[in-house]
Amino acid sequence: MNASAPDRLAATTSMGAVTLLVGDLDAMTRYYRDVVTLQVIAAEGDTVTLGRAGRAIVILRHEAGLRHAPAGAAGLFHTAILFESQTALAAALFSLAQHAPGTFTGSADHLVSQAFYATDPEGNGIELYWDRDRSAWSWTHGQVEMATLHLDPNAFIRDHLTDAAAAGSTAADAASVGHVHLSVGDVTTARAFYVDTLGFDVTAELDGSALFVSAGGYHHHMAMNVWNSRGAGPRMPALGLGRVDLALPDRDSLGELSERLRHHRVEIEDDGRTTTFTDPWRNTLHASVA
């Protein structure tokens, strides 16, 4: 991966917070705080920011005038929260089992990671996961080997949850948005935007139904699929995804991104510190220096 290539994102690019537009701010705050085990970092007016170790992960913004998008619309598939230890992940999974077991939707061993899935009270997908060390990942012809293998959530809790973690000892451990998975109308258009224009590298593809992309050799920072949204057009204002943040390493990297977007005739808002733009489905992305 060439960090200095002018048509690629910097290798140390990472994901920032995901902003969700919500109808019930109190209920959604309780879910992400008490169930997902994030901490309230800031609360002002109609906006609550939650995260870990001072790092924002989910920003909830109340939008009273919006309604849910219709079935099949483009938007958020899930926000994936990366935990730094299996113990901290087990504590979050245990909290989910205790406080909102009905929102649990599944689990999988993806070879590169172990993942558990849920849906929040307003229908937004969530992945809680832990990465295996990069030395354990397998690559073939430039694509990372991922799979969907059985992973027993009860066995994971039994193997990794300690008494101290169950009592809250990992509540302040660092976590972050590891990746963001979007529902889009078609993969060809997604590739043209996220790879050819934005500058991610392809790390995996699934039979024209899903695309996985990253910077710097991560298994994926973003993914786009058509599993529930094939043929979807641009989004109309609705509850759900408000914004995806990208964290670039320095001003030069941000400037290169802005120039690349202009070259591809993508409309941007650029104040020198942040660059805001939308993808072909009107999902808003916001790039800034980490």
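Q: Buried means under 20% relative accessible area, exposed over 50% and partly exposed in between (1.4 Å probe, protein chains only); is D201 buried or exposed?
A: This is a predicted model, in which local features need pLDDT of at least 70 and side-chain atom pairs count only at pLDDT 80 or more, while totals for chains, interfaces and linings use all residues. Residues are numbered from 1 along each chain as its sequence is written, and side-chain values use heavy atoms, with hydrogens and water left out. D201 has a relative accessible area of 18%, and the limit for the buried class is under 20%, so D201 is buried.

Q: What N to O distance separates the side chains of R8 and D201?
A: Side chains of opposite charge can pair when their charged atoms come close. A salt bridge here is a side-chain nitrogen of Lys or Arg within 4 Å of a carboxyl oxygen of Asp or Glu. R8 counts as buried, at 16% relative accessibility, and the side chains of R8 and D201 meet in a salt bridge with an N to O distance of 3.1 Å.

Q: How many residues apart in sequence are the parts that the pair R8 and D201 ties together?
A: Strands (E, at least two residues) and helices (H or I, at least four) are DSSP runs, numbered from the N terminus. R8 lies in the segment before β1 (14–22) and D201 lies in strand β12, so their pairing ties together parts of the chain whose separation in sequence is 193 residues.

Q: Which residue is linked with R262 and D270 in a network of salt bridges?
A: R262 and D270 meet through their side chains in a salt bridge of 3.0 Å, N to O. R262 is partly exposed at a relative accessible area of 39%, and D270 is also partly exposed, at 34%. The network of salt bridges joins R262 and D270 with E259.

Q: Which residue forms a salt bridge with D271, the closest N and O atoms being 4.0 Å apart?
A: D271 counts as partly exposed, at 47% relative accessibility. The partner of D271 counts as exposed, at 56% relative accessibility, and the residue that forms the salt bridge with D271 is R273.

Q: Which strands are the edges of the open sheet that contains β7 and β8?
A: Two strands pair if DSSP finds at least two bridges between them. Eight strands form this open sheet with mixed pairing, in the order β6-β7-β8-β5-β11-β14-β13-β12. An edge strand pairs on one side only, and the two that do so in this sheet are β6 (104–109) and β12 (201–206).

Q: Which residue in β8 is the bridge partner of T119?
A: Strand β7 (residues 113–119) and strand β8 (residues 125–131) run antiparallel and are joined by seven bridges. Within that pairing, T119 has as its bridge partner in β8 the residue G125.

Q: Which turn residue of the hairpin formed by β3 and β4 has a positive phi of about 50 degrees?
A: Strand β3 (residues 47–52) is mostly covered, five of its six residues being buried, and β3 pairs antiparallel with strand β2 (residues 39–44) over five bridges. On its way into β4 (residues 55–62), β3 is joined by six bridges, again antiparallel, and R52 stands opposite R55. Two residues lie between β3 and β4 in the hairpin, and the turn residue with the positive phi is A53.

Q: Which residue in β15 stands opposite V18?
A: A second set of eight strands forms an open sheet in the order β2-β3-β4-β1-β15-β18-β17-β16, with mixed pairing, and its edge strands are β2 and β16 (269–270). Strands β1 and β15 (residues 240–248) run antiparallel and are joined by six bridges. In β15, the residue opposite V18 is V244.

Q: Which helix gives the most residues to the largest nonpolar core?
A: A nonpolar core is a set of buried Ala, Val, Leu, Ile, Met, Phe, Trp, Tyr and Cys residues joined through side-chain atoms within 4.5 Å. The largest core has 71 residues, and those with the most contacts inside it are Y32, L198 and M222. With seven residues, the helix that gives the most to this core spans residues 86–99 and is α2.
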